[in-house]
Each structure stands twice: as C-alpha cells, then as structure tokens.
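User: Could you walk me through how to read pockets, surface patches and backbone features in a structure like this one?

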Amino acid sequence: EYHYPLVELETSVSSGTYIRSLAEDIGNYLKTGAYTVALRRISIGQFNVQHAISPQTLTIEDIRSQLREL
C-alpha cells in the first residue's frame, strides 16, 4: 500500500531476513532512501497473532492452561 511518503508491505520471509535492511535496500534501489517506521511480526513457526490473547484479557487460568511439566 502506498500513501506518500509511506509504503506499507507484508512479506513472508525465511529465518535470518532483516526487514529493516530490506527497507533500506529497496530505498537504495529506488534511489530515494528508506527506513522502517513500524514492524510487526504476525507469525513465527506454528504461532500466529490471530491466536494470541491480549494482555488486557489474560487470566491466570490462561497461563495455567499453557504450562507443561518438564
């Protein structure tokens, strides 16, 4: 999405990708310069933000239900 002077993008990357460096590389390629204003990871491995519990609604029962014995 583009609303001057901001570009918003969503990308799927492998481990080890540096998004801030990617933004800089895009700016260099376009000869405009660029930097990251905000960064949000929406998933990693099996974990996805869609399944997250907000801190405001987190209960002790939520925590206990996720604990596992070692």
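User: Let's start with the pockets. Which classes of residue make up the lining of the largest pocket?

Analyst: Happy to help, and please keep in mind that this is a predicted model. By class, the lining of the largest pocket holds 19 nonpolar, 15 polar and six charged residues.

User: How is such a space found, and how much of it lies in the largest pocket here?

Analyst: The general idea is that rolling a probe the size of a water molecule over the atoms shows where empty space is left. In this model, the largest pocket has about 1600 Å³ of space. Its lining counts 40 residues, and Leu9, Ile19, Thr36, Ala38 and Leu39 are the closest to the centre. Four elements give two or more residues each to that lining: the strands β1 (2–3), β2 (6–7) and β3 (43–44), together with helix α1 (19–30).

User: Which element gives the most to the lining of the largest pocket?

Analyst: That is α1, with eight residues.

User: What about the second largest pocket: which residues line it?

Analyst: The second largest pocket holds about 170 Å³ of space. Its lining is made of Gln46, Phe47, Asn48, His51, Ala52, Ile53, Gln66 and Arg68. Sorted by class, that gives three nonpolar residues, four polar ones and one charged.

User: Now the surface. Which residues form a nonpolar patch there?

Analyst: The patch consists of Tyr2, Tyr4, Val7, Leu9, Ile26, Tyr29 and Leu30, and together these residues have about 890 Å² of accessible area. Helix α1 provides the largest share of the patch, three residues. Tyr29 has its place in that helix.

User: Is Tyr29 buried or exposed?

Analyst: Tyr29 counts as exposed because its relative accessibility is 70%, and the cut-off for that label is over 50%.

User: Let's turn to the backbone. What should I look for in phi and in the peptide bonds?

Analyst: Start from the usual case: most residues other than glycine have a negative phi, and most peptide bonds are trans. Then look for the exceptions. In this model, the peptide bond from Tyr4 to Pro5 is cis, with omega near 5 degrees. Pro5 sits in the loop between β1 and β2. Another exception is Lys31, which is not a glycine yet has a positive phi of about 60 degrees.

User: Where is Lys31 placed, and is Lys31 buried or exposed?

Analyst: Lys31 is found in the loop between α1 and β3. With a relative accessible area of 76%, Lys31 is exposed.

User: Ala38 came up at the pocket centre. Where does Ala38 lie?

Analyst: Ala38 also belongs to the loop between α1 and β3. Its relative accessibility is 68%, so Ala38 counts as exposed. For a sense of the fold, compare sequence and space: Ala38 and Glu8 are 30 residues apart along the chain, while their C-alpha atoms are separated by 9.4 Å.

User: And how many Å separate the C-alpha atoms of Glu61 and Leu9?

Analyst: The separation is 36 Å, for two residues 52 positions apart along the chain. Glu61 belongs to helix α2 (residues 60–66). At 52% relative accessibility, Glu61 counts as exposed. Leu9 you have met twice already: among the residues closest to the centre of the largest pocket, and as a member of the nonpolar patch.

Methods. Residues are numbered from 1 along each chain as its sequence is written. This is a predicted model: local features need pLDDT of at least 70, side-chain atom pairs count only at pLDDT 80 or more; totals for chains, interfaces and linings use all residues. Side-chain values use heavy atoms; hydrogens and water are left out. On a 1 Å grid over the protein atoms alone, a cavity is a set of points where a 1.4 Å probe fits but cannot get out, and a pocket is an open set with protein on both sides within 12 Å along at least five of seven lines; lining residues have an atom within 4 Å of a point. Grid points are joined across faces, edges and corners, and a volume is the space filled by probe spheres set on the points. Ala, Val, Leu, Ile, Met, Phe, Trp, Tyr, Cys and Pro count as nonpolar, Asp, Glu, Lys and Arg as charged, and the others, Gly among them, as polar. Patches are made of residues with over 30% relative accessible area and no salt bridge: like charges are joined within 9 Å, nonpolar side chains (Val, Leu, Ile, Met, Phe, Trp, Tyr) within 5 Å. Accessible areas come from the Shrake-Rupley method with a 1.4 Å probe; for residues, only the protein chains shown count as cover. A salt bridge is a side-chain nitrogen of Lys or Arg within 4 Å of a carboxyl oxygen of Asp or Glu. Buried means under 20% relative accessible area, exposed over 50%, partly exposed in between (1.4 Å probe, protein chains only).
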